[in-house]
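Dear colleague,

I am passing on the structure we spoke about, and below it you will find an account of what came out of going through it. Please read the notes with the structure open beside them.

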Amino acid sequence: MKFLKCLLLVFLFTSCGTVVNYDYEKSTDFAKYKTYNYFDDMETGLTQLDDKRLMRAIDAKLSTMGLTRSENPDFFIDIQSEDVMNRNNSSVGVGAGGGGGGGFGGVSVGIPLGGNQNTRAIVIDFVDKAQNEKLFWQAASESNYKPNASPEKREETFVKLVDKIFAGYPPKK
């Protein structure tokens, strides 16, 4: 029974994390990119306040990586997001059975784990300005979020998300 409890905790912790997938153009020389800016007409799908929070988190992270925001950038950043309400179909089954004397019987109960969760998918594209706006790096993340979180909690969530997203930039070839 102790093993089952440990297994359940491991499942819960691993299912609640952020998933990030990366893609990039193999021939890209990432060392040549030093300055960036955001597309002016970007439609992120976030609220204006969350836009600002996410962009502040990105600016801070890229600054620590030696990149500078500029009016004449080497590349542009495009951000897109989508909110999805996921139903949690996870459950734990508990069963009992018996037999003997030629008769068999059993009882099984499914116990739902958690409830519905809000998931936000965010895609961040890096687009080369000089090469006809060619996409050269992309990160797609999916993570749980709380729509009623405080502004401070939202800021903290975006900072953690950006740290995970940019752990894959530049890619290790």
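In what order do the elements of the chain run from the N terminus on? They run α-β-β-α-β-β-β-β-β-β-α, which gives three helices and eight strands in the chain. Please keep in mind throughout that this is a predicted model.

Some overall values first. The chain has 173 residues, of which 31% count as buried, and it exposes about 11,300 Å², with carbon and sulfur atoms supplying 55% of that area. Among the contacts between residues at least 6 apart in sequence, 74% join residues that are at least 24 apart.

The nonpolar core comes next. In soluble globular proteins, nonpolar side chains tend to be buried together. Here the largest nonpolar core has 31 residues, and the members that touch the most others are Ile-58, Ile-77, Ile-79 and Phe-166. At least two residues of this core come from each of strand E2 (35–38), helix H2 (48–64), strand E4 (75–86), strand E7 (117–128), strand E8 (134–145) and helix H3 (151–165), and the largest share, five residues, is supplied by H2. If you would like one residue from which to look around, Ile-58 is in contact with Tyr-38, Ile-77, Ile-79, Ile-124, Val-162 and Phe-166, leaving aside residues up to four places away in sequence.

Helix H2 itself can be checked for length: its 17 residues, at 1.5 Å a residue, should span 24 Å, and the C-alpha atoms at its ends are 25 Å apart, which agrees. Its buried residues are not confined to nonpolar types, since the list holds Asp-50, Asp-51, Arg-53 and Asp-59 as well as Leu-54, Met-55, Ala-57, Ile-58 and Leu-62. After H2 comes Gly-66, with a positive phi near 90°.

Strand E8 holds Ala-139, which is buried, because its relative accessible area is 0%. Leaving out neighbours within four places in sequence, Ala-139 touches Val-20, Asn-21, Tyr-22, Ile-122, Val-123, Ile-124 and Ile-165. For one of these, Val-123, the C-alpha atom lies 5.7 Å from that of Ala-139, although the two residues are 16 apart along the chain.

A second residue that you may wish to look at is Ser-70, in the loop between strand E3 (68–69) and E4. Is Ser-70 buried or exposed? Its relative accessible area is 18%, so Ser-70 counts as buried, the cut-off being under 20%. Apart from residues up to four places away in sequence, Ser-70 is in contact with Thr-35, Tyr-36 and Asn-37, and its C-alpha atom is 5.9 Å from that of Asn-37, 33 residues away along the chain.

On the aromatic side, the whole structure contains 17 aromatic pairs. One of them is formed by Phe-126 and Tyr-169, whose ring centres are 5.1 Å apart and whose planes meet at 65°, so that the pair is edge-to-face. This pair links distant parts of the chain, as Phe-126 belongs to strand E7 and Tyr-169 to the segment after H3, 43 residues apart. Phe-126 is buried at 0% relative accessibility, and Tyr-169 is buried at 6%. Both rings belong to one aromatic cluster, whose members also include Tyr-22, Tyr-38, Trp-137 and Phe-166. There is also a charge to note beside a ring: the charged end of Arg-120 sits over the ring of Tyr-145, at 4.0 Å from its centre.

Finally, some points of backbone geometry. Most residues other than glycine have a negative phi, and most peptide bonds are trans. Which peptide bond is cis? That from Tyr-169 to Pro-170 is cis, with omega near -15°, and Pro-170 lies in the segment after H3. In the loop between E7 and E8 you will find Asn-132, with a positive phi near 55°, and this residue counts as exposed because its relative accessibility is 74%. Glu-133, in the loop between E7 and E8, has a positive phi of about 55° although it is not a glycine.

With best wishes

How values were computed: Residues numbered from 1 in each chain as written. Predicted model: local features only at pLDDT ≥ 70, side-chain atom pairs only at ≥ 80, totals over all residues. Heavy atoms only, no water. Core = buried A, V, L, I, M, F, W, Y, C linked by side-chain atoms within 4.5 Å. Buried < 20%, exposed > 50% of the residue type's maximum accessible area, 1.4 Å probe, protein only. Helix = DSSP H or I, 4+ residues; strand = E, 2+ residues; numbered from the N terminus. Contact = heavy atoms within 4.5 Å. Phe/Tyr/Trp six-rings, centres within 6.5 Å; stacked < 30°, edge-to-face > 60°. Lys NZ or Arg CZ within 6 Å of the ring centre and 35° of its normal. Areas by Shrake-Rupley, 256 points an atom, 1.4 Å probe, with all protein chains shown as cover. Expected span 1.5 Å × (residues − 1).
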